[in-house]
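User: Could you help me learn to read a protein model with its ligands? I would like to take one feature at a time.

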Amino acid sequence: MTNIAVIGLQWGDEGKGKIIDLLTPQVDVVIRCQGGNNAGHTIVLNGEKRVLHLIPSGALHQKCLCVIGDGVVVDPKVLIDEIEGLKAVGFLQNPKQLAISGNAHVIFPYHIQIDQLRETKKGGKAIGTTGRGIGPCYEDKIARRGIRMSDLVDPEILKHRLEGNLQEKNEYLQKMLGAKPLVFNEIYEKYNSYGKYLKNYIANVNLVLQQKVKEGFKLLFEGAQGVGLDLDHGTYPYVTSSNTVSGGMATGAGVSPKAIQHVLGVAKAYATRVGHGPFPTELSDSVGEHLQTKGAEFGATTGRKRRCGWLDLVWLKHAVWLCGVDSLVITKLDVLSELKKLKVAMVYQLNGKKIEGVPSCLEDWEKVEPVYEEWEGWNEPLEKATCFDELPKNCQKYLKRIEDFVGVPISILSLGPERNAHIHLRKIM
Ligand code: GDP
Ligand code: IMO
Ligand code: MG
């Protein structure tokens, strides 16, 4: 048995959705562990593109149980729309295919409004959040006043908790953000109906997972966002509000860290970031534009253009260490074809001096400069390659040097958005 965690090693959108969909036939359960509908995980099948925001990326495989774990924050309206959207095209026909933890916290309209109004108020200093209410919902969770899925499905408990919370939120919205107060009945009626719809999907996820492990089923823990956006270890404060590192998968799913036997770290062959914040290898020239266009780098959730830059091995090595990565997936290698020279960041320089690892405080992050090595590119398209040896020689060198620098092997190469556009280099399960 090998349970694996699939996590993003950069700033999100590394192609996790595609890889999870690809691996799902080898597992029995896929579990979303943290984040919410700030995530957008794309799966392309026979030219048709689907973006999943809350439902695990195993949903396109009938036999896979999809679990929304304790650590996720759920916008019930978005979840219901996603369930209905999948049902309409023949997926999720059996309601038993989806289990939602009663411990997962619920996103309310005041979370979304607070998120968006705060961003507007910050102006040039905004984080560039997805505006989905993620941060304010996690704030309530940490402050021990959050409303959970198990509360949502009980009309009396929901009423009681919402009344208490809304009073405080309305005060905050009016006094701090200059907004109008929200009306209790409007929210209550809507959320009560969401609760009715979702009731049958709520489960004691902890027991479900215990049972699955006892029976020898394989679990896949689905990461959202990426290590650069981790609340503790990312480029704070330009981060999301959950732990995106592999440790976050264990707490978010409600399993012991020992339940994860292989950490699969997903990284793009270059780097992207959506939203604001430090990005040392960012390119604001024609090469950056080329990567953005050829890689179709638009946010899967907000549609924003993704910022693009060279591969940052300093960051990647750090992320590999933080997550105990066992092997790597390199995605979007096809996007690099036709670039004559490729630059790769090997060390950071701060105030003219090389530093070890990555900085901690924002002021240093804003000042660090990457020291690059220039590697030869390749011209040939990669789609036809079926094994490592069929890749252009310079592409092989690019990959070998990544492995050598970060100290872990590559197990999968992704060469296009479609499910079958990949090369397996090593067995992981
Ligand atoms: P996630 O959030 O990590 O699941 O990634 P996203 O779905 O937000 O963004 C990845 C984008 O790259 C999606 O549009 C994918 O369809 C696409 N993609 C994934 N792997 C590859 C690849 O190897 N090559 C190319 N060209 N596109 C890919
Ligand atoms: P997936 O799972 C890329 C970014 C936002 C913003 C910061 C905080 O698809 O890789 P938030 O709404 O979470 O408070 O925003 O985090 N962000 C993502 N960027 N991919 C994601 O998810 C992201 N989820 C959040 O752009 O910079
Ligand atoms: Mg995404």
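User: Let's begin with the shell around ligand 1: how do its residues divide into nonpolar, polar and charged?

Analyst: Happy to help. Keep in mind that this is a predicted model. To read a shell, sort its residues by side-chain character. Around ligand 1 there are 5 nonpolar, 7 polar and 7 charged residues. Of the 19 residues in this shell, the nearest are K16, G17, T42, D334 and S414.

User: Which elements each supply at least two residues of that shell?

Analyst: Here you look at where the shell residues sit along the chain. Helix α1 (16–23) and strand β3 (41–45) each give at least two residues to the shell around ligand 1.

User: And where does ligand 1 lie relative to the domains?

Analyst: The idea is to ask which domains contribute to the shell. The protein is divided into domain 1 (4–102 + 202–262), domain 2 (105–198) and domain 3 (268–424). Ligand 1 lies between domain 1 and domain 3, because both of them give residues to its shell.

User: Which protein atoms lie 2.8 Å or 2.9 Å from an oxygen atom of ligand 1?

Analyst: Separate side-chain partners from backbone partners. From the side chain of D13, an N or O atom is 2.9 Å from an oxygen atom of ligand 1. The backbone takes part through G15, with an N or O atom 2.8 Å from a ligand 1 oxygen, and through G40, where the distance is 2.9 Å. As for coverage, ligand 1 taken alone exposes 580 Å², and the protein buries 93% of that.

User: Now ligand 2: how many residues surround it, and which are the closest?

Analyst: The reading is done in the same spirit. Ligand 2 has 20 residues around it, with K16, H41, T130, Q225 and T240 the closest. By character, the shell of ligand 2 holds 7 nonpolar, 10 polar and 3 charged residues.

User: Which backbone atoms lie 2.8 Å, 2.9 Å or 3.0 Å from an oxygen atom of ligand 2?

Analyst: Go through the residues one by one. D13 places a backbone N or O atom 2.8 Å from an oxygen atom of ligand 2. For G40, a polar backbone atom is 2.9 Å from a ligand 2 oxygen, and for V274 the distance is 3.0 Å. On its own, ligand 2 has 550 Å² of accessible area, of which the protein covers 98%.

User: Let's turn to a single residue. Is S414 buried or exposed?

Analyst: Compare its relative accessible area with the cut-off: buried means under 20%. S414 has 3%, so it counts as buried. This residue belongs to strand β19 (residues 410–414). Beyond its neighbours within four places in sequence, S414 contacts K18, I19, I330, T331, K332, L333, D334, A421 and H422.

User: What about P76: buried or exposed?

Analyst: Apply the reasoning you just used. P76 is buried, because its relative accessibility is 0%. You will find P76 in helix α2 (residues 76–88). Setting aside neighbours within four places in sequence, P76 touches V106, I107, L152, Y191, Y194 and L198. P76 and V106 are 30 residues apart in sequence, with 7.1 Å between their C-alpha atoms.

User: Finally, how many residues of domain 2 and domain 3 are in contact?

Analyst: For a pair of domains, look at both the contacts and the distance between centres. Here 6 residues of domain 2 contact 5 residues of domain 3, while the C-alpha centres of domain 2 and domain 3 are 37 Å apart.

Key. Residues are numbered from 1 along each chain as its sequence is written. Chains are lettered from A and ligands numbered from 1 in the order in which they are written. This is a predicted model: local features need pLDDT of at least 70, side-chain atom pairs count only at pLDDT 80 or more; totals for chains, interfaces and linings use all residues. Side-chain values use heavy atoms; hydrogens and water are left out. Helices (H or I, at least four residues) and strands (E, at least two) are DSSP runs, numbered from the N terminus. Buried means under 20% relative accessible area, exposed over 50%, partly exposed in between (1.4 Å probe, protein chains only). Contact means heavy atoms within 4.5 Å. A residue is near a molecule or strand if one of its heavy atoms lies within 4 Å of it. A polar contact is a pair of N or O atoms within 3.5 Å; within protein, one must be able to donate a hydrogen and the other to accept it, and residues adjacent in sequence count only if both atoms are side-chain atoms. Accessible areas come from the Shrake-Rupley method with a 1.4 Å probe; for residues, only the protein chains shown count as cover. Ala, Val, Leu, Ile, Met, Phe, Trp, Tyr, Cys and Pro count as nonpolar, Asp, Glu, Lys and Arg as charged, and the others, Gly among them, as polar. Domain bounds come from an automatic or database domain assignment.
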